[in-house]
Amino acid sequence: IEQSPTSVGDLHPHGPRPRANLPCFPQCAGEENWVDSRTIYVGHREPPPGADAYIPQRYPDNRIVSSKYTFWNFIPKNLFEQFRRIANFYFLIIFLVQLIIDTPTSPVTSGLPLFFVITVTAIKQGYEDWLRHKADNAMNQCSVHFIQHGKLVRKQSRKLRVGDIVMVKEDETFPCDLVFLSSSRGDGTCHVTTASLDGESSHKTHYAVQDTKGFHTEEDIDGLHATIECEQPQPDLYKFVGRINVYNDLNDPVVRPLGSENLLLRGATLKNTEKIFGVAIYTGMETKMALNYQSKSQKRSAVEKSMNVFLIVYLCILISKALINTVLKYVWQSEPFRDEPWYNQKTESERQRNLFLRAFTDFLAFMVLFNYIIPVSMYVTVEMQKFFGSYFITWDEEMFDEDTGEGPVVNTSDLNEELGQVEYVFTDKTGTLTENNMEFKECCIEGHVYVPHAVCNGQVLPDASGIDMIDSSPGVSGREREELFFRAICLCHTIQVKDDDEVDGPRKSPDSGKSCVYISSSPDEVALVEGVQRLGFTFLRLKNNYMEILNRDNAIERFELLEILSFDSVRRRMSVIVKSATDILFSHFIGEIYLFCKGADSSIFPQVIEGRVDQIRARVEHSA
């Protein structure tokens, strides 16, 4: 799809920009749905002469604010939120009625408990908001490395601006939303965890921009001349559309599309990558993490909501009682000798008062007289229980996690009682329940089942250190199919190998002779490759687009990786296309091309045209 030469300028948030007569660029996928866009100048460098006009734009700084109150608005805002509660508003009305009219009870009986509840709640919420301020200040003042004039400089996170080039090291959290420029890895990839964003503890692979992934030093990055055009901030964590224009000398810019795989989100953590460089595109409250903050209004638990329902019911009963008593009073006083008894003579002003006004005053007096039907002490008890209950949760030793050395943290005490009412836990994926700990249990090849540490007649077989076949031998032809299966497992994946024992991620390889560690966004892949490794086929590395495996004979086999068809929720399978670079693959020769595929049984079985499909299907159903 081609654009008119001025359409890119029309995307500018402040209207059309002046443009030189440059060739039009093709639109990126999804760009036609842009409502508005922004232009970021990488490193705050002006575009070269003859390109877009340089129009600096103002964006928010990188300050994060998760607190609800400030020193100046705490009292009015907190009072407004508290009197939105039905109970507090009801007792306030009763207190005002007692002040205005002549009632049989003192205003102190309603005013003092109400003042106590409001004060305790305000202190509790003020203290919790003060903790949020402390957490915000700690986050906003943490040090961040960024590139300035070819040198690495440190400054506070809150001072980051859109367009700054940032360097993030391993195990550090990204300070803002970054477009991934380059990494210490030669292939321009990095691994991140997004547990604080979407709860996913597995590693995800992100990719640097093709034309910048070779910039590994501060001087190289500082010499980058590029602009980024992307959509305005929106909260979807998995959606991002943009393009980067890289200017080389005075030639036309190289235009590359940008997607979610090029975006590193604030709150995610860099793993198993020494360092990365990225340019800030969304900062502060415009980051996707900040846009996904829930409303800062006061949260209400199920108990409080049910109490409000009961309160409305009792309020209706109270109004009915006051109304009935008011009617009965005037029915009683309809007789002349009952209107003014000797112990309660009316004054002249009372005799001349309007009948409807007197009736309304008497109605309010009965409301005050019977207001004990709604106990204010119950609300005092509930507030105190919430406040002190949060400390009991913090002190609970059984909720302490020894692996991380952290205990429970109560950010708000308004929802404590919700924890005791959890009846069902729904999960849409097995990783939530298995903690992403996968273990290779068995495999079935042409009807032959292989399990780790095979047992025969109740005894572990003598040489059962690997995976042993527990039925008949497959024969010579079957052995070739067996080894082809193991090669498929060794090659059909997206695993990265790191030669380091001190790695944060999946467990160390079980091969004691190797120090390599497998890293993948899917724990299933790691479990499969480690399981096949115990049988004698070891995936060594992916280097220069060649995959290397070590076979049973301790010979290295090389395969050129031609294409990866990634797993998705529609196909429910992934595939790789490889070309053999060695001639030891049984009777085949160099240059043979193979397509290996793996995935869900419901997706794979319909594609199979030969083999013992029924036996394998029965085994799958038995294992499931």
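The protein chain holds 17 helices and 25 strands. The model is predicted. Of the chain's 624 residues, 41% count as buried. Contacts reach far along the sequence: among those with a separation of 6 or more, 62% join residues 24 or more positions apart. The chain exposes about 34,800 Å², and carbon and sulfur atoms supply 56% of that area.

Start with one sheet. It is open, has four strands, and runs in the order 1-8-9-10 with antiparallel pairing. Which strands stand at its edges? They are strand 1 (37-41) and strand 10 (254-258). Each has a single partner strand, so one side of each lacks a neighbour in the sheet. On average, neighbouring strands here are turned by 20° against each other, direction ignored. Strands of a sheet pair through backbone hydrogen bonds, in either the parallel or the antiparallel sense.

Now look at strand 9, residues 242-246. Five bridges join strand 9 to strand 10, and the two run antiparallel. Gly 242 stands opposite Leu 258 of strand 10 in this pairing. Strand 9 also pairs with strand 8, again in the antiparallel sense and over five bridges. Here Ile 228 stands opposite Ile 244 of strand 9.

How many residues of strand 9 are buried? Five of its five are, and the strand is mostly covered. In a regular strand, side chains alternate between the two faces of the sheet. Both faces of strand 9 are covered. On one side sit Gly 242, Ile 244 and Val 246; on the other sit Arg 243 and Asn 245; all are buried.

Move across to strand 8, residues 226-231, and find Thr 227. Is Thr 227 buried or exposed? Its relative accessibility is 3%, and buried means under 20%, so Thr 227 counts as buried. Setting aside residues up to four places away in sequence, Thr 227 touches Ile 40, Tyr 41, Val 42, Arg 243, Ile 244, Asn 245 and Tyr 247. Take Tyr 247 from that list. Thr 227 and Tyr 247 are 20 residues apart in sequence, and their C-alpha atoms are 8.4 Å apart in space.

Next comes a threonine outside the strands and helices. Thr 287 lies in the loop between strand 13 (275-282) and helix 7 (288-291). This loop residue is buried, because its relative accessible area is 0% and the limit for buried is under 20%. What does Thr 287 touch? Its contacts are Ile 64, Cys 176, Asp 177, Arg 266 and Tyr 282, again leaving out residues up to four places away in sequence.

Finish on the surface. Phe 89, Ile 93, Leu 96, Leu 99 and Ile 100 make a nonpolar patch of about 490 Å². One of these residues, Ile 93, is found in helix 3, residues 86-100. Why does Ile 93 count as partly exposed? Its relative accessibility is 36%, which falls between the 20% limit for buried and the 50% limit for exposed, so the label is partly exposed. Compare the threonines: Thr 227 has 3% relative accessibility, and Thr 287 has a relative accessible area of 0%.

Definitions and conventions:
Residues are numbered from 1 along each chain as its sequence is written. This is a predicted model: local features need pLDDT of at least 70, side-chain atom pairs count only at pLDDT 80 or more; totals for chains, interfaces and linings use all residues. Side-chain values use heavy atoms; hydrogens and water are left out. Two strands pair if DSSP finds at least two bridges between them. Axes are lines fitted to C-alpha atoms, for helices over the stretch in contact, and angles run from 0 to 180 degrees between N-to-C directions. Buried means under 20% relative accessible area, exposed over 50%, partly exposed in between (1.4 Å probe, protein chains only). Contact means heavy atoms within 4.5 Å. Accessible areas come from the Shrake-Rupley method with a 1.4 Å probe; for residues, only the protein chains shown count as cover. Patches are made of residues with over 30% relative accessible area and no salt bridge: like charges are joined within 9 Å, nonpolar side chains (Val, Leu, Ile, Met, Phe, Trp, Tyr) within 5 Å. A salt bridge is a side-chain nitrogen of Lys or Arg within 4 Å of a carboxyl oxygen of Asp or Glu.
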